[in-house]
Amino acid sequence: DLAVGAAGGGSQAWSRQDELLNTLTVGAPPDILNRNGQSWGVSAFSPWGLKRHGFHAFIEMLRANLAHAGGIRIDHVMGLKRLWVIPQGGDQRDGAYLHYPQDDLLRLLALESWRHKALILGEDLGTVPEGFREELAERGILGMRVLLFEQDRQGRFHPPPHWPDNALATSATHDLPTLDGWWQGRDIDWRERLQIADTQATEEARETRGRERRALREALAADGGPEADEVLDSAAMIDACVGFLGHTPAPLVLLPLEDALGLEEQANLPGTVDSHPNWRRRYPGDSATLLDGGDAARRLRILADARGKAE
């Protein structure tokens, strides 16, 4: 996993001072999920510093990550084109987009991918510049498609055949609710509890979630899952979603551990630091046998069978 940035006081920032912007932090502007915007507390490359030094730090980072891996996932891949940067100590809403030499970075990424015979996956979620996904596809960089986001303007979920064949398909990411948590509205509960969203936004979110749940049930039923009017518990819903993802033409399908295990809580809640236990929850079992339980083993079989049919 290739992070979007590094700590301003870390070894990379210290050893490559001319190629990083230590006085700025990276984040994201306000959007539907985070109305206050985000600040991630990491520094970013300097576009001018990269050019002056022949992109040495960028190439060095790619080679280090690809040395022992068959592929990498680039966190917030839009950073190859532009990054939302915020002055140290400033409010995330007061940031601005800083543009990067995208063509040069993509060429270097393609070259190192070819040299290491490695797959490149870009996390193209969030505020994506118009035409950017097409530019990634032209370079053979896979995008990401998340089940819960794959809806049309009428709120209907795209059926598996309509999913793209140039992007990874997944049920969620570490920054999103698990399937079980989404089904129960756990993410909405957290935002209300932490006052990330006001009362009106919370009520609107619950109304929208109710419509989305009905739309997902209809999509799962059309894919051969439980009928839309059946009583559907979280476990059966997750099973049906796993099969649904497996039926897409995506070249790769990712089933996060949280959804394989049917967990309720998400790993990370963007926009929080200490108010939510980000990255601190333990999985319910030993790592050597974590996927041997009935639920996880069943879902892996469902996925394998669905992928066989998709081929």
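Colleague: In which helix does E258 lie?

Modeller: In this predicted model, E258 lies in helix α10, which covers residues 257–261.

Colleague: What makes E258 a residue without a salt bridge, and how far away is the nearest side chain of opposite charge?

Modeller: The nearest side chain of opposite charge is that of R281, at 8.4 Å, and because a salt bridge requires the nitrogen and the carboxyl oxygen to be within 4 Å, E258 has no salt bridge although it is buried.

Colleague: Which side chain does the side chain of E258 make a polar contact with, and how do you know that it counts as one?

Modeller: The partner is the side chain of Y283, at 2.9 Å, and since a polar contact is a pair of N or O atoms within 3.5 Å, that distance meets the cut-off. Leaving aside residues up to four places away in sequence, E258 also touches T178, L263, E265 and A267, as well as Y283 itself.

Colleague: Why is N268 called buried or exposed?

Modeller: N268 has a relative accessibility of 12%, and because buried means under 20%, N268 counts as buried. This residue lies in the loop between α10 and α11, the latter being residues 294–310. The side chain of N268 makes a polar contact with the side chain of N278 at 3.3 Å, and among the residues that N268 touches beyond four places in sequence are H174, D175 and W279.

Colleague: How do you know that the length of helix α9 agrees with what it should span?

Modeller: Helix α9, residues 234–246, has 13 residues, which at 1.5 Å a residue should span 18 Å, and its end C-alpha atoms are 18 Å apart, so the two values agree.

Colleague: What makes α9 largely enclosed by the rest of the structure?

Modeller: Of its 13 residues, 11 are buried, and therefore α9 is largely enclosed by the rest of the structure. The buried residues include M237, D239, A240 and F244.

Colleague: How far does helix α8 reach, and what is expected for it?

Modeller: Helix α8, residues 199–222, has 24 residues and reaches 35 Å from its first C-alpha to its last, which is close to the 34 Å expected at 1.5 Å a residue. Its buried residues, among them A201, R209 and L216, pack against α6 (179–184), α7 (186–193) and α9. At the start of α8, a side-chain oxygen of D198 reaches to within 3.3 Å of the backbone nitrogen of Q200, and after the helix comes G224, whose phi is positive, near 100°.

Colleague: Why is the pair of D187 and R209 called a salt bridge?

Modeller: The closest N and O atoms of D187 and R209 are 3.0 Å apart, and because the cut-off is within 4 Å, the pair forms a salt bridge. The pair links distant parts of the chain, with D187 in helix α7 and R209 in helix α8, 22 residues apart. Both D187 and R209 are buried.

Colleague: What makes R206 and E192 partly exposed?

Modeller: The relative accessible area of R206 is 36% and the relative accessibility of E192 is 43%, and because partly exposed lies between under 20% and over 50%, R206 counts as partly exposed, and E192 does too. R206 and E192 form a salt bridge, with their closest N and O atoms 3.0 Å apart.

Colleague: How do you know whether D239 and R298 are buried or partly exposed?

Modeller: D239 has 16% relative accessibility and therefore counts as buried, whereas R298, at 24%, counts as partly exposed. D239 forms a salt bridge with R298, the closest N and O atoms being 2.8 Å apart. The pair links distant parts of the chain, with D239 in helix α9 and R298 in helix α11, 59 residues apart.

Colleague: Which residues touch the most other members of the largest nonpolar core?

Modeller: Among the 35 residues of this core, F45, F58 and Y100 touch the most other members. The largest share of the core, 6 residues, comes from α3. A second, separate core of 24 residues includes W182, M237, A240 and F244.

Definitions and conventions. Residues are numbered from 1 along each chain as its sequence is written. This is a predicted model: local features need pLDDT of at least 70, side-chain atom pairs count only at pLDDT 80 or more; totals for chains, interfaces and linings use all residues. Side-chain values use heavy atoms; hydrogens and water are left out. Helices (H or I, at least four residues) and strands (E, at least two) are DSSP runs, numbered from the N terminus. Buried means under 20% relative accessible area, exposed over 50%, partly exposed in between (1.4 Å probe, protein chains only). Lys and Arg count as positive and Asp and Glu as negative; His and the chain ends are not counted. A polar contact is a pair of N or O atoms within 3.5 Å; within protein, one must be able to donate a hydrogen and the other to accept it, and residues adjacent in sequence count only if both atoms are side-chain atoms. Contact means heavy atoms within 4.5 Å. The expected span of a helix is 1.5 Å times one less than its number of residues. A nonpolar core is a set of buried Ala, Val, Leu, Ile, Met, Phe, Trp, Tyr and Cys residues joined through side-chain atoms within 4.5 Å.
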